[in-house]
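Student: I am new to this structure and would like a close look at a single part of it. Please set that part in its surroundings.

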Amino acid sequence: MEEIDHLGHERSKIEFDVEAMKIVWAGSQRALEVSDRISRLVASDPIFRKDDRTILSRKELFNTTLRKSAHAWKRIIELRLTEEEASRLRFYIDQPAFMDLHWGMFIPAIKGQGTEEQQKKWLPLAYKMQIIGCYAQTELGHGSNVQGLETTATFDPKTDEFILHSPTLTSSKWWPGGLGKASTHALIYSRLITDGQDHGVHGFIVQLRSLDDHLPLPGITIGDIGIKFGNGAYNSMDNGVLRFDHVRIPRDQMLMRVSQVTREGKYLQSDVPRQLVYGTMVYVRQTIVSDASCALSRAVCIATRYSAVRRQFGSQDGGPETQVIDYKTQQNRLFPLLASAYAYRFVGEWLKWLYTDVTQRLQANDFSTLPEAHACTAGLKSLTTSATADGIEECRKLCGGHGYLCSSGLPELFAVYIPACTYEGDNIVLLLQVSRFLMKTVSQLGSGIKPVGTTAYMGQVEHLMQCHCDVQRAEDWLKPSVILAAFQARAARMSVACAQNLSKFSSQEEGFAELSADLVEAAVAHCQLIVVTKYIEKLQQAIPGKGVKEQLAALCNIYALSLIHKHQGDFLANGCITPKQASLVNWQLRSLYAQVRPNVIGLVDAFNYTDHYLGSILGRYDGNVYPKLYEEAWKDPLNDSVVPDGYHEFIRPMLKQQLRTARL
Ligand SMILES: CCCCCCCCCCCCCCCCCCCCC/C=C/C(=O)SCCNC(=O)CCNC(=O)[C@H](O)C(C)(C)COP(=O)(O)OP(=O)(O)OC[C@H]1O[C@@H](n2cnc3c(N)ncnc32)[C@H](O)[C@@H]1OP(=O)(O)O
Ligand SMILES: Cc1cc2nc3c(=O)[nH]c(=O)nc-3n(C[C@H](O)[C@H](O)[C@H](O)COP(=O)(O)OP(=O)(O)OC[C@H]3O[C@@H](n4cnc5c(N)ncnc54)[C@H](O)[C@@H]3O)c2cc1C
């Protein structure tokens with residue numbers, strides 16, 4: 001049967017080269033080729049099916065995680081996949097699994113915090129998956145406050161061992177992914193005690209389960225922490241609980257790049273900063289920013305395609321009703337999210353560069369850019385995950401009632417995504433780290449230390465405190481210099497105001513506690529400035545393909561102007577723009593929406609997502625929504641029988657009872 005493209009009319013209107021945009025989104029022609037090939041490989045393999053995930057029991061779901069992981073690993077070896085291809089494979093399989101923590105945290109932690117000797121011993125085992133590792137930092141009583149962890153690792157000089165112990169219930173490790181059922185080993189973060197002295201939190205490699213029969217080793221109590229939010233979603237992951245009862249490990253299993261314990265039990269600190277113990281989190285936060293663009297683009301792709309298919313009201317002379325995507329309110333909610341997906345893609349690319357740069361510097365013992373890398377990864381992780389979580393929910397609402405069906409793909413996407421606002425650092429806690437960095441920058445302004453990198457704009461603080469936005473007409477808002485000046489003035493003024501208010505408190509800590517809500521807002525303003533700046537810088541590069549740069553520029557303007565509109569309170573209160581200029585933002589936004597409207601299907605096609613990956617009837621490439629929704633409904637287990645199980649037990653007696661009551 002011939003397949004009909006219900007979105008064909010939309011595709012015929014596109015004014016730019018979608019294939020060229022696919023390359024921009026993927027990062028390069030080669031990255032697109034890899035992505036395309038691996039996504040098809042996953043979509044065509046029945047073991048990677050996922051359409052039944054939301055109706056599986058927890059045990060069945062976890063079993064699919066094990067099956068998919070083992071099968072993925074087999075394919076990686078058979079096909080000799082490169083690291084990039086393997087990571088694409090994981091992406092398109094689209095199921096959280098213990099493998100994520102093994103490859104995404106356990107291995108990077110050993111690489112970043114282990115000595116050369118330790119890396120030589122553990123990495124080959126981990127790379128061949130002869131051991132499975134997880135990252136066990138968080139405890140029942142403490143997650144954000146890493147310095148408050150309670151697990152102890154006490155050195156015993158008699159045996160040259162550490163004794164791992166969980167002294168209280170709240171010291172139980174709680175949450176680590178892969179810990180519950182799969183891992184054989186863990187990177188345990190625990191307080192190091194030598195000779196009765198507490199040296200704070202350090203990392204230790206600890207074997208948890210036997211490599212022969214997978215049973216927990218003596219002194220170890222271990223299990224899964226239970227069902228999490230939503231059907232399917234993150235429940236494929238075995239987040240775990242773990243307690244130690246005086247478990248002994250050899251001394252050389254403490255990761256010793258940052259500090260060492262000698263055979264005699266002497267504690268030595270190398271000249272590497274203590275914060276490198278937190279290095280794995282910096283690495284993962286950076287990856288989470290790119291992931292945000294993936295999750296948001298997926299939701300936006302579904303909502304955009306469905307909004308072009310869905311029609312409500314406005315029929316004239318019996319003709320078709322209006323496509324809901326043509327309602328300005330729909331555009332005003334959807335197009336800034338589309339723009340954000342592109343913006344996060346580009347800031348994610350830049351953050352990856354920043355991370356690579358700081359890693360190379362660290363290897364050469366240059367630690368100067370570490371504070372900025374920490375502030376950028378923490379702040380952008382927070383900004384992008386919060387906006388993406390909200391954005392996915394908005395996309396669900398943009399799809400009306402059908403968005404609430406699991407077959408829309410949106411409920412599961414939302415449920416699996418939202419913990420990103422919490423894991424790898426609660427988003428508010430991370431923004432407070434950014435604001436500390438900003439306050440330090442402001443306090444050093446008078447001292448001759450020139451701010452660099454993402455805070456370079458603070459170097460012109462005197463100008464930024466007084467400058468006036470020179471927008472006269474709506475089109476003036478299209479000038480990158482005007483947009484940047486407004487965002488810089490807002491960020492600088494908010495930070496300076498916080499710094500001035502902090503100086504009114506007798507202690508810095510008291511001021512920070514009292515002003516934390518304002519400090520968080522200043523951090524958000526700074527992070528939004530980074531995203532806008534990096535998008536504008538991206539547009540200064542050569543971007544081939546008919547109309548591609550024009551569309552990206554329109555989206556950049558939508559991203560920036562919709563933020564000015566949303567946060568106009570900040571911009572107005574700080575005198576960065578006038579009420580008239582704020583209203584011109586809206587005029588310009590409407591005109592930008594009209595400019596991208598014919599191209600939006602092309603802009604989401606450029607993500608190059610397969611229907612398997614999208615996992616959504618509403619987001620199908622061919623737009624054939626209604627027949628497929630109808631078909632899907634009949635697959636629900638409730639429809640296996642016409643009369644439901646339980647009819648005789650519950651419904652029938654009720655009906656008969658009513659009959660008797662009525663006769664009375
Ligand atoms: C079926 C599939 C098969 C597939 C097979 C194929 C597989 C192949 C490939 C797979 C690849 C997968 C990749 C997946 C990626 C991984 C997925 C991850 C999933 C998520 C899992 C979640 C994990 C976690 O959540 S781990 C736990 C995270 N915990 C936290 O984030 C805790 C947050 N708290 C903190 O970070 C700190 O405690 C903090 C910063 C809040 C406060 O710390 P503090 O010590 O109290 O610090 P403070 O006094 O405030 O500051 C001191 C000083 O230090 C600076 N600082 C703080 N942190 C850092 C840092 N990280 N780096 C640098 N500097 C730092 C701080 O700024 C202060 O500086 P000064 O002011 O200058 O003193
Ligand atoms: C799905 C998932 C997977 C995870 N995987 C892992 C893993 O693999 N390994 C691991 O070690 N951990 C893991 N975690 C734990 C995760 O890292 C922590 O939950 C996270 O760091 C937040 O810490 P918390 O739970 O202690 O939150 P809390 O700090 O208790 O936060 C509770 C509330 O207090 C607020 N708050 C806390 N401190 C402050 C402050 N100083 N100022 C203002 N407000 C504050 C927060 O904003 C929040 O609103 C995972 C968590 C989840 C949900």
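What share of the contacts in the protein chain with a separation of 6 or more is accounted for by residues 24 or more positions apart?

Tutor: The model is a predicted one. In the protein chain, 74% of the contacts with a separation of 6 or more are between residues 24 or more positions apart. The part to look at closely is strand β1, which covers residues 133–136. From this strand, G133 and Y135 point one way, while C134 and A136 point the other way. All of these residues are buried. Strand β1 is joined by four bridges to strand β5, residues 185–194, and the two run parallel. For Y135, the bridge partner in β5 is L187.

Now the surroundings. The protein chain has 23 helices and 11 strands. Of its 664 residues, 44% are buried. Its C-alpha atoms fill a box of roughly 90 × 75 × 65 Å along the principal axes. The radius of gyration is 27 Å, which agrees with the value near 26 Å for a compact globule, because that value is the one that goes with 664 residues.

The model also holds ligand 1, with 40 residues around it. G104, V146, Q275, Y278 and G425 are the closest. Several helices each supply at least two residues of this shell, among them α4 (58–78), α8 (279–309) and α12 (427–443). By type, the shell has 18 nonpolar residues, 17 polar ones and five charged ones.

How values were computed: Residues are numbered from 1 along each chain as its sequence is written. Chains are lettered from A and ligands numbered from 1 in the order in which they are written. This is a predicted model: local features need pLDDT of at least 70, side-chain atom pairs count only at pLDDT 80 or more; totals for chains, interfaces and linings use all residues. A residue is buried if 20 or more other C-beta atoms lie within 10 Å of its own, exposed if 12 or fewer, and partly exposed in between; C-beta atoms are placed from the backbone. Two strands pair if DSSP finds at least two bridges between them. The radius of gyration is taken over C-alpha atoms; the globule rule is 2.2 Å times the number of residues to the power 0.38. Two residues are in contact if their C-beta atoms, placed from the backbone, lie within 7 Å. A residue is near a molecule or strand if its C-beta atom, placed from the backbone, lies within 6 Å of it. Ala, Val, Leu, Ile, Met, Phe, Trp, Tyr, Cys and Pro count as nonpolar, Asp, Glu, Lys and Arg as charged, and the others, Gly among them, as polar.
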